[in-house]
Amino acid sequence: MSNPHVADALNQLFGRRSAFVLIGLTGRTGSGCTTAAALLSKEFPELKLPEPQLTDAKAEERKYRIIKDYAQRNWQPFFTISISNVILSFLLDSTEKDIRAFFVKAGLLKNEQLNNFINSWQPAQTAWLKAHEALRQSGQSPEQMDDFLIQWHGPISDFFKIVRGGLGPSSTTILQVVGDNLRKSGEPFSDEHIPRNFYTLPNRIAQLVTLVRDLQLSRGKPAYIVLDALRNPFELLYFRERFAAFYVLAISTPNEDRERRLSVRQNYNAKQIAELDSKEYPEKNKPLSGYDAFTSQNIQSCLEKADVYISNSGFVPPNQDVDTTGLSPQLVKYFALILHPGLITPTRSERCMQIAFAARANSGCISRQVGAAITDENDSVKAVGWNDVPAGQVPCLLRRATDLIGRQDQGAGARQGSCRLIHAANC
């Protein structure tokens, strides 16, 4: 006979987990972060999940049925906070004179574009000045918090849509420049390095998260929030330390599909795609150095720090709706596992990756740890391995610079222990 006290305790435990969830999306432009955020913000029937097929003993279909049943009972649409919109909100703190001077100097907008930009900015700034005090003050009433969100989704949102939709690829460049400036100086138009202002942008995002969370909980509803999309690894770490219920989902797609989406659906030309890649993937094109390594976008580093990887392959012509049949089940699965860890067991691939992930901890490399698991055709693990130095040499993690400079550690000389020498398996 089951113990009612145990059942009540479990309900309390999982109820606490389900009260607040914060998901951060990361991925390259065109990978599908915004599509994923839009799916998370839908009602459950709108996800149009396929029905499980239980015609045989396939374990994954049975797991899918468990996931779908659980998610359907617990689903609430997510509130989307667009990082791009938060970046643009800093322009609402500025003056028209400063905005015109910045864009003329930077050469980012033509005269007609700049005038359209200002025309949409003016009513948004009026609404912003009336509402944004709610972000700065704690203890706001539900009515005050709700009023802010009404303004955020009203004239302020109209400004965001005009900038992002009307300017095309130019809006991406504006967001990159302003975002980098905010991380450098805390101001949208200054690239002066002021380290104490590095967290100006994530602080405002966190204020929005807190406002939405408090408003939902005051109504007796769960607060589910998605951030679209994080592209600086230090901001990712900021949210991980600030909010215990924070999870990072990396949305990945084959580069060929991604480039087709950018060129056909978003009107990027080849040069603009190349410039975008150079900005978002600096280690592949031009490695970051100095203070820029902290203040610039670095999606590769964000991907390395993600909790879950989600595949979003394929391309749909612009005259058709985006096919989300492969993306929705993955999002629902990890939503259910966030609320109820252990609801289902890992897939075979996930199990092998867990083993490889654990193996990487054996690496003595201080810059990059890589693990591997070798399997047969049935996904039975036959060997594990990790990157390391050749046998008899000292890995970087066990060497100390002062000893090497003072020649006090002859066993770990500069010629030995280089982590660039990758030892294959150590199986």
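Which residue in S5 is the bridge partner of Ala-250? In this predicted model, that partner is Tyr-309. The pairing belongs to a set of four bridges that join strand S4 to strand S5, residues 308-311, with the two strands running parallel.

S4 has a second neighbour as well. Strand S1, residues 20-26, pairs with S4 over five bridges, again in the parallel sense. Picking out one contact along that pairing, Leu-22 has Phe-246 of S4 as its bridge partner. So S4, which spans residues 246-252, pairs with S1 and with S5, given that two strands count as paired once at least two bridges are found between them. S4 is also mostly covered, as five of its seven residues are buried; buried here means under 20% relative accessible area.

Away from these strands, a few loops show backbone features worth a look. Start with the loop between strand S3 (223-228) and helix H12 (233-242), which is where Ala-229 lies. The peptide bond leading into Ala-229 from Asp-228 is cis, and its omega is near 0°. Asp-228 itself falls at the end of the range given for S3, 223-228.

Two other loop residues, neither of them glycine, have a positive phi. One is Lys-48, with phi near 55°, found in the loop that links helix H2 (33-40) to helix H3 (59-74). Lys-48 counts as exposed because its relative accessibility is 70%, and the cut-off for that class is over 50%. The other is Asp-379, where phi is near 65°. Asp-379 sits in the loop between strand S6 (371-375) and S7. With a relative accessible area of 24%, Asp-379 is partly exposed, because that value falls between the limits for buried (under 20%) and exposed (over 50%).

The strand that follows Asp-379, S7, covers residues 381-386, and the loop between S7 and helix H20 (401-405) holds Leu-398. Is this leucine buried or exposed? Leu-398 counts as exposed, since its relative accessibility comes to 61%. Leu-398 is also part of a nonpolar patch on the surface, together with Ile-366 and Leu-397. Taken together, the three residues present about 350 Å² of accessible area.

In short, the model offers a mostly covered strand, S4, with parallel partners in S1 and S5. Beyond that come a cis peptide bond from Asp-228 to Ala-229, positive phi values at Lys-48 and Asp-379, and a nonpolar surface patch that includes Leu-398.

Definitions and conventions. Residues numbered from 1 in each chain as written. Predicted model: local features only at pLDDT ≥ 70, side-chain atom pairs only at ≥ 80, totals over all residues. Heavy atoms only, no water. Patch = residues over 30% accessible without salt bridge, like charges linked within 9 Å, V, L, I, M, F, W, Y side chains within 5 Å. Areas by Shrake-Rupley, 256 points an atom, 1.4 Å probe, with all protein chains shown as cover. Salt bridge = Lys/Arg side-chain N within 4 Å of Asp/Glu carboxyl O. Buried < 20%, exposed > 50% of the residue type's maximum accessible area, 1.4 Å probe, protein only.
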